[in-house]
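Reader: I'd like a close look at one strand and whatever connects to it. Could you keep it chatty and walk me outward from there?

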Amino acid sequence: MFVEPYKIKMVEPIPFLSAEDRQRLLREAGHNLFRVEARHVTIDLLTDSGTGAMSAAQWGALLAGDESYAGATSWSFFEAAVKELTGHSHVLPVHQGRAAERILFGTLLEHGSLTVANGHFDTTIANVLLAGGKPVDLPCLESADTSSSFPFKGNLDLVALREVLTGADGSRVAMVILTITDNAGGGHPVSPGHAAEVRALCDEFDVPLFLDAARFAENAHLVTVRDPAHSGELPRGVAKELFRLAHGAWCSMKKDAFGNIGGFLSLTDDALAHECRNLLIATEGFSTYGGLAGRDLEALAQGLQEATDPAYLAHRADTASWFADELAAIGMPVLRPAGCHAVFLDAGALLPHLSPQQLPGVALAGEFYLQAGIRCAEMGTLTFGRMQRGAEPARAARRELLRLALPRRVYTRSHLEYVVEAAAAIVRRAHEVPGYRILSQPLHLRHFTATLEPLA
Ligand SMILES: Cc1ncc(COP(=O)(O)O)c(C=O)c1O
């Protein structure tokens, strides 16, 4: 039994469309759900980014926003909140996570630099490539078994990391990144003990460790329930411990911090902070607002406090694991163990008649929309594969996943029951689901704008 630890004060209607309309709208959107208008979506599980419901305290904080260009009071609240959480001496506000990535990579990476991570997210990959670097993913071996209950599948492969650092390319490694939680791989957490080992390895080779900390609070909650060394601790203490193991962090505050927009870059190195701040001022805004309004800073500082509320986090984790169990019970292959921000489906396992190049994740996403107006995001070869470059063949992703993201404090259990019902109908006709081919695509982040068509 789990109950929302909040009540609902404001509601928005959601549309229910006919099957004919859904078919037409998907076709008109080039079979890409990012191109479908939100007013044509019944349940929107595309992302948990910027889609959360703010609290009454956050809405109240908006009104207190100080819109002074420099040194606003709202900036002081924001800076203090980030410093208290991270322990890092420099805080740079940014309009969202990818701006922090661009500023950090633009400063630290050179042509040919490597970034090594447990798993880079899509915008992180794009920004590493745009800065002339090369992203290398080294997920732990346990993460390959999608059905096992191993508690920390977000960990890195430490043996492989040492091999890279001691190998011919070792001197090119510009940073090691721990993405908490591992969004691209399934929303799995990283344990503090493991992060300490990664930090020790970084110190041995004089390479900085950074956190991509969009879901720092959910990671911390999962540590308190899965890691005997931290059982009974509060999530906030665990989150603080993790931040203090890193030389710096960037955070999209559109996730755990309940922002509709916002982010930060926090750093411990004075010289690096100086360079990044100059780039921030040139490209985002002055160093005390960084592309955000004073009211955003105010609401984000409040959100940062709410993010680690133990009752809220426990409810969120319980919702995700209940949802995963319900989907598994109707025969949908689900990644285990479920994290907090999403349930990941193994589209490759449900649709074995489709090759990675026939994009099973896209096919399954299309079925959810056609069946019931549900929108979710492919995390397979369209998002993480590489397109054909010259003679180099197109490369498949590691897995063909579909992410059903859970916006924070937005949907109730009956909304998710509606999704399970739709999933059951799709499972029954899975063998008939057609593959897709790409009609048009850009060079980077192709999943956002590509157009596709079903194979005959
Ligand atoms: C792990 C991770 N890193 C970085 C980002 C980029 O953040 P933003 O969307 O705020 O630019 C995201 C967004 O989904 C993410 O999940």
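How many bridges join β9 to β12, and is the run parallel or antiparallel?

Author: Five bridges join β9 to β12, and the two strands run antiparallel. Before going further, bear in mind that this is a predicted model, where local features need pLDDT of at least 70, side-chain atom pairs count only at pLDDT 80 or more, and totals for chains, interfaces and linings use all residues. Residues are numbered from 1 along each chain as its sequence is written, and side-chain values use heavy atoms, with hydrogens and water left out.

Strands here are DSSP runs of E with at least two residues, helices are runs of H or I with at least four, and both are numbered from the N terminus. Two strands count as paired if DSSP finds at least two bridges between them. In β12, Leu401 is the bridge partner of Asp346.

Now for the surroundings of β9, which covers residues 342-346. All five of its five residues are buried, so the strand is largely enclosed by the rest of the structure. (Buried means under 20% relative accessible area, exposed over 50%, and partly exposed in between, using a 1.4 Å probe and protein chains only.) Ala342, Phe344 and Asp346 point one way, while Val343 and Leu345 point the other.

β12 (401-405) also turns up elsewhere: it is among the elements that cover the buried residues of α16, along with β1 (43-44), α12 (310-329), α14 (360-372) and β10 (374-375). Those buried residues of α16 are Leu416, Val419, Val420, Ala422, Ala423, Ala424, Ala425 and Ile426. Helix α16 itself has 16 residues (413-428) and reaches 23 Å from its first C-alpha to its last, close to the 22 Å expected at 1.5 Å a residue. That expected span is 1.5 Å times one less than the number of residues.

Next stop, helix α15, which is where Thr381 sits. Thr381 counts as buried, at 5% relative accessibility. Thr381 and Glu400 are 19 residues apart in sequence, yet their C-alpha atoms are 6.5 Å apart in space. Contact means heavy atoms within 4.5 Å. Leaving aside neighbours within four places in sequence, Thr381 is in contact with Pro356, Leu359, Arg395, Ala396, Ala397, Glu400 and Arg446. Thr383 lies in α15 too (residues 381-384), and Thr383 is buried as well, with a relative accessible area of 11%. Not counting residues up to four places away, Thr383 touches Asp122, Glu378 and His447.

Stepping back, the domain assignment gives domain 1 (19-48 + 309-454) and domain 2 (56-306); such bounds come from an automatic or database assignment. The contact takes 32 residues from domain 1 and 40 residues from domain 2, and the C-alpha centres of the two lie 26 Å apart. About 2,800 Å² is buried between them, with carbon and sulfur atoms giving 58% of that area. Buried area is the accessible area (1.4 Å probe) that two parts lose on being put together, summed over both.

For another strand with covered faces, try β6 (residues 209-212): Leu209 and Leu211 on one side and Phe210 and Asp212 on the other are all buried. β6 pairs in the parallel sense with β5 over four bridges, and with β7 over three.
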